[in-house]
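Trainee: Could you take one part of this model and go through it closely, with the cut-offs stated as you use them?

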Amino acid sequence: MSNGDRKPLREGARDRSYGQDYQASVVDRFGVWLSARQICRYAGSLAVKELGDFGCGYHAAFVRRVLPELKQAVVVDFALSPDLKGLPNLTAIEGILPNVLAQVPSSSLDIVLCISVLEHLWDPLTALQECSRIVRPGGTCIFNVPSWRGKRFLEFSAFRLGLSPKDEMDDHKAYYDVKDFWPLLVRAGFRPSNIRCFSHKFGLNTFAVCRSTNDSADTAQ
C-alpha cells in the first residue's frame, strides 16, 4: 500500500508514478482489468499498430502485455521502470503531463490511451488536445475517468478501508459524468459524430472512444 504520510500530490510536483513504490490492491487490479477489457474491445486488433499510453504507470502494465503485438509503443509518465527503456520497440518518455506530450510527434500513433489520468490534471483540456494532435487520421483515442458516483466508492476504499492509494485520491482534481466529459472532448477537437462516451465499471467511471478525422489536429488548435 502507499505511504499514508505523503503530502497530497499536485500536478507538476509529483514525486512518483502510479504503482512505483507499492503493490496494487485487489480493488486496483480489478479496475485495471476492467479497463483493459474495454480497451481491447474498442481498439480492435493491435497487430502492427503504433500505440501510446500516456500516464501508463511506473510499470506500464498494459503495454507490457500487448507489446509483442505492436509495431511500436510510446509510454509516458513521471517516472518509468528502467527495464522499459531497453525494450527495442518501445519509446519511454518521463515528465509531467500534459507538457511532456509535446515530445511526441503529430499524427504519429494509431491508438492513444489516457486511462485514469485526466482527473489528476489541472489542465485536462490541453492533455486532450495533445492526444487529438498525436493520433493519426483514422486512429482512435481512448479515455477513462472516474465519475461522481465513483468518487464515493474510491474515497471509501482509500480513506476508510485502505484498499486504494490514499495519496492518489487526494491528488484528484475533478470527476466526470458523461455530461461533463463529452463537452470537454468536443472542445479538444473531436467531432461529436466520432465520440462515443458512456458510463463504465458499474457507473463508477466514464469511458470515451474518439475516432480521429483528417482535420482533428487542426480543429484542436
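Mentor: What follows is a close look at one helix, α4. The model is predicted, so local features are taken only at pLDDT of at least 70 and side-chain atom pairs only at pLDDT 80 or more, whereas totals for chains, interfaces and linings use all residues. Residues are numbered from 1 along each chain as its sequence is written, and side-chain values use heavy atoms, with hydrogens and water left out.

Helix α4 comprises residues 148–160, where a helix is a DSSP run of H or I with at least four residues, numbered from the N terminus. Its 13 residues should span 18 Å at 1.5 Å a residue, the expected span being 1.5 Å times one less than the number of residues, and the end C-alpha atoms are 18 Å apart, which agrees.

The buried residues of α4 (under 20% relative accessible area, with a 1.4 Å probe and protein chains only) are Gly150, Leu154, Ser157 and Ala158. Because they cover an arc of only 90 degrees around the axis, they lie on the same side of α4, the arc being that of the directions from the helix axis to the C-beta atoms. An α-helix has 3.6 residues a turn, so residues three or four places apart point the same way. On the other side of α4, Arg149, Arg152 and Arg160 are exposed (over 50%, with partly exposed in between).

As for the ends, a side-chain oxygen of Ser147 comes to within 3.4 Å of the backbone nitrogen of Arg149 at the start of α4, while the residue Gly162, which follows α4, has a positive phi, near 70 degrees.

Key. Helices (H or I, at least four residues) and strands (E, at least two) are DSSP runs, numbered from the N terminus. A polar contact is a pair of N or O atoms within 3.5 Å; within protein, one must be able to donate a hydrogen and the other to accept it, and residues adjacent in sequence count only if both atoms are side-chain atoms.
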